[in-house]
Amino acid sequence: MKILIFPFIFAAVLGGQITFAQESSQPVPKQPSALTGTDSPEALREHVPVLPAVRAKYWNIDPAVGYGMKDFGNGLYALSDNGWQSAFLVTDAGVIVFDAPASYGKHIPEAVAKVTNKPIKMLVYSHIHKDHIGGSVAFKSIPGLQIIALDTVSDFLKEMNDPNRLIPTVTFKTSKTIMLGNKTVELTRHNYHSNEGDLFIYVPEAKFLMAVDSVTSGYVPFQDFDLSTNFHEYLKMFDEILAYKFDNFIGGHLTDTGTRKDVELTKEYTNDVYQTVKRIHNGLNERAFDAEIAKTIGPDNEFLIFKALLDKVTRDSVAELEPRWINRLAGVDVWLPSHVRAALIYVRWDDKE
Ligand SMILES: [Zn+2]
């Protein structure tokens with residue numbers, strides 16, 4: 001089937017020269033790529049179930065309560081609804097809350113009240129994303145509450161003016177140490193995930209580290225290496241986490257909290273994806289590949305030729321990596337192609353040979 005499109009003129013840079021072409025009609029693709037997703041029953045059934053070892057660590061959460069709580073000791077409590085994770089720290093002088101997820105943020109004040117009668121004094125934002133701080137509106141009427149965040153996070157939230165994400169009241173550029181009661185919290189800026197910066201939240205007395213949207217214990221990272229806007233920084237993040245002395249770790253998502261082992265395993269996975277993509281991409285004879293594709297479609301559709309090349313590197317990388325990881329982390333068959341794609345963008349445009 002063909003549909004008529006009004007004649008138009010477009011310019012394209014081909015072989016370093018600007019050329020002009022005129023088109024009068026366009027064939028409609030048989031199956032638009034946006035519609036060939038994974039939501040059909042057949043496609044869904046092709047995926048492997050969550051690894052049993054990971055399923056066994058799901059928190060048992062009462063739906064009527066909406067969250068679960070884990071006591072890490074030294075006043076540190078972790079919260080989760082099996083989708084998102086956050087934490088809070090009880091001190092002699094009040095409570096410091098770390099993130100307020102949109103999903104269960106409204107329950108955090110009651111969770112705190114279950115373990116202490118001290119008031120909530122501070123709320124720390126890990127980064128701007130609404131799924132992690134969009135429940136902060138529930139803290140609106142807490143008297144004298146300090147909301148602490150990076151200056152860039154605050155600038156973004158002021159501009160956004162989202163009623164669900166309260167505006168920070170205390171900001172800093174790179175690092176800040178909070179002292180409240182008898183406890184210390186170290187906040188340090190990193191840039192592995194969101195455009196406006198991410199915080200490492202460290203409580204030395206509890207040997208606790210929170211780095212949201214970095215490592216999801218038991219699983220591969222979420223799509224595109226956790227939506228990282230900076231894969232270069234993401235690659236460094238693992239050693240930056242491991243430089244801390246910690247026993248308990250919160251990455252902000254899904255089922256269980258983590259340990260150093262989880263960080264080490266995700267580091268190994270990420271480096272394997274990166275090195276494999278780099279080897280396959282750099283080993284491809286592009287000139288020969290392009291010539292082969294041009295035999296079918298001609299040489300002028302450079303976007304399509306280039307897409308075919310990126311798709312081949314992606315396909316070959318996934319085929320090699322999937323058997324190595326499918327039984328070691330959950331979600332490999334779900335997100336590996338997106339991880340390969342994120343690494344490929346880095347390898348082709350940022351990396352050295
Ligand atoms: Zn995020």
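In the predicted model, the contact between helices α7 and α8 is formed by L235, F238, I241 and L242 on the α7 side, which meet R260, V263, T266, K267, T270 and Y274 on the α8 side. By residue class, this contact divides into six nonpolar, two polar and two charged residues. Helix α7 covers residues 231–242 and helix α8 covers residues 260–283, and the two pack at an angle of about 160 degrees with their axes 10 Å apart. Because angles over 145 degrees count as roughly antiparallel, α7 is described as roughly antiparallel to α8. The handedness of the crossing of α7 and α8 is left-handed.

A second set of features concerns the strands β3, β4, β5 and β6. Strand β3 (68–73) is joined to β4 by five bridges, the two strands running antiparallel, and within this pairing M69 has L79 of β4 as its bridge partner. The connection between β3 and β4 is a hairpin with two residues between the strands, and N74, which lies in the turn, has a positive phi of about 55 degrees. Strand β4, made up of residues 76–80, pairs in turn with β5 in the antiparallel sense, again over five bridges, and here the bridge partner of L76 is L89 in β5. The hairpin formed by β4 and β5 has four residues between the strands, with N82 in the turn adopting a positive phi of about 70 degrees.

Strand β5 (residues 85–91) is mostly covered, since six of its seven residues are buried. In addition to its pairing with β4, strand β5 pairs with β6 (residues 94–98) in the antiparallel sense over five bridges, and V90 is matched there with V95 of β6 as its bridge partner. A hairpin leads from β5 to β6 through two residues. In a regular strand, the side chains alternate between the two faces of the sheet.

The loop between β3 and β4 contains G75, a residue that counts as buried because it has 23 C-beta neighbours inside 10 Å, where 20 or more are required for that class. Although G75 and V90 are 15 residues apart in sequence, their C-alpha atoms are 4.7 Å apart in space. When neighbours within four places in sequence are left aside, the contacts of G75 are with L89, V90, T91, K183 and A206. Among these contacts of G75, L89 is also the bridge partner of L76, and V90 is the bridge partner of V95.

Positive phi values are also found in helix α6, which spans residues 223–227 and includes D224. The phi of D224 is positive, at about 55 degrees, although this residue is not a glycine. With 17 other C-beta atoms within 10 Å, D224 is partly exposed. Also placed in helix α6 is L227, whose phi is near 55 degrees, likewise a positive value in a residue other than glycine. L227 has 14 other C-beta atoms within 10 Å and is therefore partly exposed.

Conventions: Residues are numbered from 1 along each chain as its sequence is written. This is a predicted model: local features need pLDDT of at least 70, side-chain atom pairs count only at pLDDT 80 or more; totals for chains, interfaces and linings use all residues. Axes are lines fitted to C-alpha atoms, for helices over the stretch in contact, and angles run from 0 to 180 degrees between N-to-C directions. Angles under 35 degrees count as roughly parallel, over 145 as roughly antiparallel, 65 to 115 as roughly perpendicular and the rest as oblique. A crossing is left-handed if the near helix is turned anticlockwise from the far one by less than a right angle, and right-handed if clockwise. Two residues are in contact if their C-beta atoms, placed from the backbone, lie within 7 Å. Ala, Val, Leu, Ile, Met, Phe, Trp, Tyr, Cys and Pro count as nonpolar, Asp, Glu, Lys and Arg as charged, and the others, Gly among them, as polar. A residue is buried if 20 or more other C-beta atoms lie within 10 Å of its own, exposed if 12 or fewer, and partly exposed in between; C-beta atoms are placed from the backbone. Two strands pair if DSSP finds at least two bridges between them.
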